[in-house]
Amino acid sequence: MDDLSDDQLVRLAKQEDVEAFAELARRYQGRIYNLIIGLTKNHCDADDLAQETFLMAYKFLRRYKQDSSFYTWLYRIAVNRTLNYFKKTQREKRKTEAVINEF
């Protein structure tokens, strides 16, 4: 599958070819991880968020209209997951601080 383009792999993956999606994940796992580690500065969080990115991409692959490159679409998922993670952790931090301040 190394010789297939991203568009060809996406078409196959949309037809439930798991190996095609696995090849896409192999192609981009390093770039997505590096993107997320640059944002989070935390290896554990980057591992988790990268995995979530690929799970979401697989789950919503049918929604990918192929009007941009696969990497661009994947990049947006990764950035959005990371931003949502930051929002969630900030909310949890504020709740924790509020509870501590009550005592």
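In this predicted model, Arg 27 and Glu 23 are joined by a salt bridge in which the closest N and O atoms lie 3.1 Å apart. The two residues stand 4 positions from one another in helix H2, and so about one helical turn separates them. Glu 23 also meets the side chain of Arg 26 in a salt bridge, with an N to O distance of 3.4 Å. Here the spacing is 3 residues within helix H2, which spans residues 18-40, so that this pair, too, is separated by about one helical turn.

The residues of these two pairs can be described further by their accessibility. Glu 23 has a relative accessibility of 7% and counts as buried because this value falls under the 20% cut-off. Arg 26, by contrast, is partly exposed, with a relative accessible area of 46%, and Arg 27 is likewise partly exposed, at 25%. Glu 23, Arg 26 and Arg 27 belong, together with Asp 6, to a network of linked salt bridges.

Another salt bridge is formed by the side chains of Arg 81 and Glu 52, for which the N to O distance is 2.4 Å. This pair links distant parts of the chain, since Arg 81 lies in helix H4 (residues 70-102) and Glu 52 in helix H3 (residues 43-59), with their positions 29 residues apart in the sequence. Arg 81 is partly exposed at 23% relative accessibility, and Glu 52 is also partly exposed, with a relative accessible area of 28%. Over the whole structure, the search finds 5 salt bridges. In general, side chains of opposite charge can pair when their charged atoms come close.

The chain that carries these pairs contains 4 helices and 0 strands, and its elements follow the pattern α-α-α-α when read along the sequence. Its radius of gyration is 17 Å, whereas a compact globule of 103 residues would have a value near 13 Å. Along the principal axes, the C-alpha atoms fill a box of roughly 60 × 25 × 20 Å. Of the contacts between residues at least 6 apart in sequence, 52% join residues at least 24 apart.

With regard to the surface, 32% of the 103 residues count as buried, and the chain exposes about 7100 Å², of which carbon and sulfur atoms supply 52%. The chain holds 18 positive and 16 negative charges, and the mean positions of the two sets are 8 Å apart.

Definitions and conventions: Residues are numbered from 1 along each chain as its sequence is written. This is a predicted model: local features need pLDDT of at least 70, side-chain atom pairs count only at pLDDT 80 or more; totals for chains, interfaces and linings use all residues. Side-chain values use heavy atoms; hydrogens and water are left out. A salt bridge is a side-chain nitrogen of Lys or Arg within 4 Å of a carboxyl oxygen of Asp or Glu. Buried means under 20% relative accessible area, exposed over 50%, partly exposed in between (1.4 Å probe, protein chains only). The radius of gyration is taken over C-alpha atoms; the globule rule is 2.2 Å times the number of residues to the power 0.38. Contact means heavy atoms within 4.5 Å. Accessible areas come from the Shrake-Rupley method with a 1.4 Å probe; for residues, only the protein chains shown count as cover. Lys and Arg count as positive and Asp and Glu as negative; His and the chain ends are not counted. The place of a charge is taken as NZ of Lys, CZ of Arg, CG of Asp or CD of Glu.
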